[in-house]
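Welcome! Here are a few short exercises, each followed by a worked solution. Have a look at the model first, then try each task before reading on.

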Amino acid sequence: MPTSPNPAPDLPELARAIKAWGKELGFADVRVADVDLGHLEAGLQAWLDAGYHGEMDYMASHGMKRARPAELVPGTVRAIVARMDYLPAAQDADWRARERLRQQDPEAAVVSVYARSRDYHKVLRNRLQSLAGRIQDAIGPFGFRVFTDSAPVMELPLAEKAGLGWRGKHTLLLSRAAGSTFFIGEILVDLPLPVDPPTGAHCGQCQSCIDLCPTGAILGPGKLDARRCISYLTIELKNSIPEELRPLIGNRIYGCDDCQVACPWNKFAQRAAVPDFDERNGLGGGDLLELFAWDEEEFNRRMEGSPIRRIGHERWLRNLAVGLGNAAEKKRGDAVIVAALQSRLDHPSELVREHVAWALARHAA
């Protein structure tokens with residue numbers, strides 16, 4: 001005897017349940033947006049035409065599909081968008097002051113806060129899959145696909161439409177309740193759930209993020225030249241870091257939190273609700289010489305399960321060499337630093353050798 005089809009779900013009640021289930025899974029907030037991003041296509045094309053995406057060729061190759069979720073996943077009508085806070089539970093209350101002090105320490109190796117723990121892609125994806133499973137248990141089969149910074153989806157505009165926050169002048173998403181120290185993930189669904197309203201912007205006249213960007217990558221409110229961004233230079237860029245930008249990177253070896261540290265809204269930054277984002281390998285307090293001494297085996301072992309592993313040991317050494325070169329501003333000619341750099345002068349990688357030679361020249365100047 002054939003089974004009867006599942007009755008149509010009560011969509012408002014389902015949306016309320018989804019938000020509750022999401023919080024049980026560790027998400028700080030879950031909301032729903034429609035997927036019409038057509039109004040962003042002209043701006044996206046202009047950004048690509050200006051070349052601001054640098055070597056991130058996938059940005060251009062995906063073209064306008066980024067603004068058309070229903071083309072990426074046919075049948076999509078809504079995005080369930082979730083926020084997960086990542087500030088480590090052990091982080092002290094005035095974390096921004098602590099980060100500023102480390103940026104001024106010539107021996108410190110500064111890793112972006114988000115990258116000091118487990119790879120967020122896996123954490124969010126698994127929990128979003130669990131949330132989709134809860135929905136399926138409740139209503140039966142439905143069309144969906146989970147994303148977290150893993151496909152051509154304009155995640156932040158969807159999050160903004162859903163009311164999770166607004167795009168700050170640095171282009172990151174800001175929340176009045178949580179600043180910007182959180183990850184975003186989404187489930188594209190074929191369910192016409194009721195949508196949540198946007199919040200509106202609350203940056204006012206503040207432009208601290210623009211004024212304090214070390215490389216001037218934020219050209220104006222909401223306008224980022226990724227080619228100058230330290231996160232791009234230390235993570236996405238596969239080749240040589242432009243010489244004129246190296247001194248501006250300072251001791252930041254993976255990512256950059258300067259615009260977040262500058263933002264007044266981050267006094268409301270929230271601690272992570274899940275242990276996955278606890279700091280690992282002492283990356284919140286590592287020093288340049290210690291990390292520069294890691295060989296490839298140690299790098300791969302220590303960075304297992306970390307987002308840092310994807311740049312590989314070669315670019316890790318490249319970034320650290322720049323940091324050690326910039327240490328010359330306060331410790332020019334330091335014998336220990338010079339010896340460490342000289343030990344890599346004959347490294348098999350031309351990329352590493354070039355940046356080591358540059359760093360040694362800084363100490364000899």
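**Exercise 1. Charges.** How many positive and how many negative side chains does the protein chain have, and how far apart do the centres of the two sets lie?

*Solution.* Before counting, note that this is a predicted model, in which local features need pLDDT of at least 70 and side-chain atom pairs count only at pLDDT 80 or more, while totals for chains, interfaces and linings use all residues. Residues are numbered from 1 along each chain as its sequence is written, and side-chain values use heavy atoms, with hydrogens and water left out.
- Step 1: Lys and Arg count as positive, Asp and Glu as negative, and His and the chain ends are not counted.
- Step 2: each charge is placed at NZ of Lys, CZ of Arg, CG of Asp or CD of Glu.
- Step 3: the protein chain has 45 positive and 48 negative side chains, with the two centres 3 Å apart.

**Exercise 2. Overall build.** Describe the protein chain as a whole.

*Solution.*
- Step 1: the protein chain holds 17 helices and ten strands; helices (H or I, at least four residues) and strands (E, at least two) are DSSP runs, numbered from the N terminus.
- Step 2: its radius of gyration, taken over C-alpha atoms, is 22 Å, which agrees with the value near 21 Å for a compact globule of 365 residues. The globule rule is 2.2 Å times the number of residues to the power 0.38.
- Step 3: along the principal axes, the C-alpha atoms fill a box of roughly 80 × 40 × 40 Å.
- Step 4: 53% of the 365 residues count as buried. Buried means under 20% relative accessible area, exposed over 50%, and partly exposed in between (1.4 Å probe, protein chains only).
- Step 5: of the contacts (heavy atoms within 4.5 Å) between residues at least 6 apart in sequence, 77% join residues at least 24 apart.

**Exercise 3. Four cysteines.** Where does UniProt place a "binding site" at C203, C206, C209 and C263, and how do these positions lie in space?

*Solution.*
- Step 1: the feature comes from an unreviewed UniProt entry; positions follow the numbering used here, feature names are shortened, and annotations may be inferred rather than shown by experiment.
- Step 2: the four positions are spread over 61 residues of sequence, yet they cluster in space, with a largest C-alpha distance of 10.5 Å.
- Step 3: C203 lies in the loop between strand 7 (182-189) and helix 8 (208-212), and C263 in the loop between helix 11 and helix 12 (288-292).
- Step 4: C203 counts as buried because its relative accessibility is 19%; C263 is buried at 7%.
- Step 5: leaving out residues up to four places away in sequence, C203 touches W166, G168, K169 and L174, and C263 touches R96 and L174.

**Exercise 4. A positive phi.** Is T171 buried or exposed, and what is its phi?

*Solution.*
- Step 1: most residues other than glycine have a negative phi.
- Step 2: T171 is not a glycine, yet its phi is positive, about 85°.
- Step 3: T171 is found in the loop between strand 5 (166-167) and strand 6 (173-174).
- Step 4: with a relative accessible area of 14%, T171 is buried.
- Step 5: N281 also has a positive phi, about 55°, without being a glycine, but N281 is partly exposed at 33%.
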